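Okay everyone, thanks for squeezing me in. I'd like to walk you through one surface feature and a couple of pockets, so have a look at this.

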Amino acid sequence: MYFEEFVLGTEMKLAPAIIHEEDMLAFAMKYDNIPLHTDAEYAKSTFFGKCIAPGVMSFMSVWAKYLEMDLAGEELIAGKSTKIEWVKPVFAGDELTGTCTVSGLTKRNGKNGMVELTFMVHNQNGELVLTDVTEMIVKCKPCGA
């Protein structure tokens, strides 16, 4: 989708992402190996009472569902930035759903523009667990198209 085809305020629903315990532990062991993510006995003694999913894993689980939509398609040039905020913990077995909204459009030049997407992600209880604002650079329509 070309930059000019994005419409400010357009909201898309994301397919659900399930946080499977074995995936959560494997991710944590490789990328975020701290006891809160990997040691059930330790986690029992914390505020959370059990292991929580690494925040980046929670986001990436939802991001994978967004990528399935292939929103920009071949017109995507590159990602520019992302800002994730973790609001509530995510646990093994949680089902994450959310929305992706076109929240900003900035034409950079005649060749490309920046599309800002805002993600609001909830668990199966309807609780907001994370938000994200991502910026991507997208091709503009060729002259005369």
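**Surface patch and pockets**

Let's start with M60, which counts as partly exposed because its relative accessibility is 39%, and partly exposed covers what falls between the 20% and 50% cut-offs. Bear in mind that what you see is a predicted model. M60 sits in helix α4, which covers residues 55-69. So who does M60 team up with on the surface? V56 and W86: the three form a nonpolar patch, and together they have about 290 Å² of accessible area.

Okay, pockets next. How much space lies in the largest pocket? About 180 Å³. There are 16 residues lining the largest pocket, and nearest its centre you'll find W63, Y66, L67, L76 and M136. If you ask which elements give two or more residues to that lining, they are α4, β2 (76-86) and β5 (128-139). Of these, β2 gives the most, with 5 residues. By character, the lining of the largest pocket splits into 9 nonpolar residues, 4 polar and 3 charged.

Now the runner-up. The second largest pocket comes in at about 150 Å³. It's lined by 14 residues, and closest to its centre are I52, W86, K88, P89 and V90. W86, you'll recall, is also one of the patch residues. Here the elements giving two or more residues to the lining are α4 and β5. And the make-up of the second lining? We get 10 nonpolar residues, 3 polar and 1 charged.

That's my tour, over to you.

Conventions
Residues numbered from 1 in each chain as written. Predicted model: local features only at pLDDT ≥ 70, side-chain atom pairs only at ≥ 80, totals over all residues. Heavy atoms only, no water. Patch = residues over 30% accessible without salt bridge, like charges linked within 9 Å, V, L, I, M, F, W, Y side chains within 5 Å. Areas by Shrake-Rupley, 256 points an atom, 1.4 Å probe, with all protein chains shown as cover. Salt bridge = Lys/Arg side-chain N within 4 Å of Asp/Glu carboxyl O. Helix = DSSP H or I, 4+ residues; strand = E, 2+ residues; numbered from the N terminus. Buried < 20%, exposed > 50% of the residue type's maximum accessible area, 1.4 Å probe, protein only. 1 Å grid on protein atoms, 1.4 Å probe; cavity = no way out; pocket = protein on both sides within 12 Å on 5 of 7 lines; lining within 4 Å. Points joined across faces, edges and corners; volume = space filled by probe spheres on them. Nonpolar A, V, L, I, M, F, W, Y, C, P; charged D, E, K, R; others polar.
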